[in-house]
Structure formats: structure tokens, C-alpha cells
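Hi everyone, thanks for making time. I'd like to walk you through a structure that's new to most of you, so let's put it up on the screen.

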Amino acid sequence: MSTFAQLWAQLAPVGRDPGTGGYLRYAYTPAEARLRAWFLDQAAARDLAVEEDGNGNLFAWWGDPAAGDAVLTGSHLDSVPHGGAYDGPLGVVSALLAVDELRVRGVTPARPIGVAVFAEEEGSRFGLACLGSRLLTGAIAPAAAAALTDRDGVTLAQAMGAVPTGARPDLVARLGCYVELHVEQGRALVDLDRAVGVASAIWPHGRWRLDFHGQANHAGTTLMADRRDPMLTFAATVLAANAEARRLGAHATIGRVQVAPNATNAIPSLVSAWLDARADAPDTMEAVVAAVYDAARARAREDGTKVELTAESVSPETEFHVGLRDRLAKVLDDAPVLPTGAGHDAGVLSTVLPTAMLFVRNPTGVSHSPAEHAVDADCESGVRALADVLQELAC
């Protein structure tokens, strides 16, 4: 049986940027392909039969999935740009090691156990988070997904080499529940001095694109009074997002921007920016977005520019299955129950079957960054906790 450190070391170099220390593991790229190949090798080494669902998602089965009522676990292998090592892969590695742990215990599952790898969870390449699980559950039509493009104009269908299959009710019908282990994206477990926690709910969250239209012109000859500069409107909107989120007790972030023509000596004609908004209630999230848009339009009138708002993905509040959540917390010695502002495949799957999540302590509290971390001892505690949960549910 491999230790956590041994298995983790096999993944550590893959897709790591030597300059930032962060990871570039975008969906359907060579780095992610190497990780998927590694997963297939690990499944074969454990005599787990692997199934691909036509949407890029992989399932490795211990037992016959046709028996139904399967207990599914796992996570994803892709990353955000220059992200941390643990977001996603920790859940996959822990799931494989939990299978090893159950075998060491001499346990034989009465229900099939599956280890899943979901595709494009971060949405970093094609702009839609949890794309693999959305396709699986029918939350997005395969034609719409196939037409999604990355920043180089490559479509999802081109990257996959096929149009995705879309909803797989036959596969979903074989699942009894899903439990996803994930590094904590915050520091609540540090403050509580616990290595492992259980999720209660995912905040409502979404992504909106803001397009600021102005007039391209010469930076050296255009009088300041004559300019229609969308960069000014954009800058004021960034400040408004920060102010409105703080005022309403929510989270708002503009972390991605594109400028045209993107020349040092030219006033831009177009600035496109992406707003990420999250809150503990849908009304609060919607109020933040509305307030930011109002502020952007007010500033646009001053600047002689125009602004458009387009919702790209919006997810409602997700409360995990209460009975399953409470059962897991009890199995794990009354583990603390925590909400999260981050989206996950577990949230998408919760619309079609009972789901739950386990969190492993993150001493830095930082995520989506090279500083994201979990110590080996806590990761081993997470493996044992996941094994306990799988034993409770499947054995």
C-alpha cells in the first residue's frame, strides 16, 4: 500500500510552472492528459474497471456498477491558472488510498464503490465551471458545451475530439450517493483545531462578463476632455465591486480582464472583465451584481462609454443532503460542519442524488494559489476519514 507522500510525489511535478510554483493543468491539455493517464495506471494497479462517460469524466469501479446504489467519491485533476496543487487532485489521490485502506482492513463492499475524475471542474479553459458534471447530469446540452471556446478559439469539441455525449441518466441511476473530499479553501479548521470537517452548503455563486465599449484613439494626441476611455469605467467598476461586496457582506472579485487593442500608446476601444460574485443567500448575491452594474452604468455616462452585463454561469445555493451530512459528521467523531463559498462537482451532482463533502485542513487558508497547502499528516487523516465514510456507506 502506497503512503500519501509516495502517491502525491508522483503528481507534484506535472504541470508545475517553475517560475510561480503554481500549476497549469487545464482541461484537455498535455499536463492534464498525463494526470489522467496516471489515474488509469493507478486504477489498473488496483484492479478497478474504468468507464468513460462520453463527457470526459472517468469512473474507476470496485465492484460491479451495474448492481446499482453505488457510493461514488473522487474529484478533479484540472487547475486554475497558476493554482495550487491540492484543489482537486487531493480528492482523487485520497479516494484511491481510501480503497487501499479498506482492503488493508479486510473490508468487502456490499455496494459498488466508484472513484471519479470529473473534467473541466475549474472552468479555466472553456469558461464554465463543473462542465463534466453538468454534462453528465444534463445541466448543459451537449451542443452548447461543444461550441464553448477557449481563449485561442479552440472549441470543446475540437479539444475532446468529439461532441460530448451529454446527460447519462443510465449512469446516474446506478449511483446511490457522492462524497467528495477537498482541501479546505479557508481556515475554519485551523481555528477549530480539527484536521477534517464536513460541508453543510455551498453559497450561491456566479460569473458575469462586463463589456465596456469606448473609442480607440491616439494616446498622445487625444485631449483628455475628448476621450471615451472604457478603461476608466472598468477601473471604477472594480472599486465599486469591492465596496458593494463589503457593504452587503458578500464576496465580489474581478480577476480577469481583456483589453482591445491592448496597445501601450492607444486608448482602448473595448475592455472585457469577468465578475465573480458569491454570498450566503441568493438575494444578497443578486443585489451585489445589480449594484455593481448600476455603478458601472453611472460611471459610463460620465466617461461617454457603454457597458453591457452578461451572465455566463449562475449556481443557486446548494445545501448538501442533511441526513448524509449528519451521518458522516457522527462517523467522524462529531466533525465540524462548515459552509463554503467555493463551487464543486458535488454541488452539481446534488441535483440528482444525495451528496456530501469532506474538507481537509489548509494551514495557510489560501487556495487557487501556489500557497495552497495541506500537511501530509492531515492528508493521511483525510484518507482515513474517507475510508471510514466509505466503509459506513458501502460496507
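Let's begin at C130, which counts as buried because its relative accessibility is 5%, and the cut-off for buried is under 20%. Keep in mind as we go that this is a predicted model. C130 sits in the loop between β4 and α4. Its backbone is a bit unusual: phi is positive, about 55°, although C130 is not a glycine.

There's another residue like that. D334 isn't a glycine either, and its phi is also positive, near 55°. You'll find D334 in the loop between α11 and β14. Is D334 buried or exposed? It counts as exposed, because its relative accessibility is 58% and the cut-off for exposed is over 50%.

Back to C130 for a second. Its backbone oxygen lies 3.2 Å from a polar atom in the side chain of S133. S133 belongs to helix α4, which covers residues 131-137, and with a relative accessible area of 0% S133 is buried. What does S133 touch, once you skip its neighbours within four places in sequence? The contacts are N57, F118, D345 and V348.

F118 takes us to the aromatics. How many aromatic pairs does the structure hold? Six. One of them is F59 with F118, and that pair is edge-to-face, with 5.9 Å between the centres and 90° between the planes. F59 is in strand β2 and F118 is in strand β4, so this pair ties together parts that are 59 residues apart in sequence. F59 is buried at 0% relative accessibility, and F118 is buried with a relative accessible area of 0%. Zoom out a little and you'll see ring pairs linking F59, W61, F118 and Y178 into a cluster.

Rings get charged company here too. The charged end of R103 sits over the ring of W62, 4.7 Å from the ring centre. R256 lies over the face of W274, and there the distance to the ring centre is 3.8 Å.

Now, strand β9, residues 251-260, where we find A252. A252 counts as buried, at 18% relative accessibility. Setting aside neighbours within four places in sequence, A252 is in contact with A241, A245, L275, D276, A277 and V288. Also, A252 and G206 are 46 residues apart in sequence, but C-alpha to C-alpha they are 9.9 Å apart in space. Just past this strand, a cis peptide bond joins A260 and P261, with omega at about 5°. P261 is in the loop between β9 and β10.

What about disulfides? A search of the whole structure finds zero of them. Take C177: the nearest cysteine sulfur belongs to C395, and that is 12 Å away. C177 is buried at 4% relative accessibility, whereas C395 counts as partly exposed, at 39%.

Last stop, helix α13, residues 376-394. How far does this helix reach from its first C-alpha to its last? With 19 residues it spans 26 Å, close to the 27 Å expected at 1.5 Å a residue. Its buried residues include D378, C379, G382, V383, L386, V389, L390 and L393. If you're wondering about spacing in a list like that, an α-helix has 3.6 residues a turn, so residues three or four places apart point the same way.

That's my tour, and I'm happy to rotate the model for anyone who wants another look.

Methods: Residues numbered from 1 in each chain as written. Predicted model: local features only at pLDDT ≥ 70, side-chain atom pairs only at ≥ 80, totals over all residues. Heavy atoms only, no water. Helix = DSSP H or I, 4+ residues; strand = E, 2+ residues; numbered from the N terminus. Buried < 20%, exposed > 50% of the residue type's maximum accessible area, 1.4 Å probe, protein only. Contact = heavy atoms within 4.5 Å. Phe/Tyr/Trp six-rings, centres within 6.5 Å; stacked < 30°, edge-to-face > 60°. Lys NZ or Arg CZ within 6 Å of the ring centre and 35° of its normal. Disulfide = S-S within 2.5 Å. Polar contact = N/O pair within 3.5 Å; in protein donor to acceptor, adjacent residues only side chain to side chain. Expected span 1.5 Å × (residues − 1).
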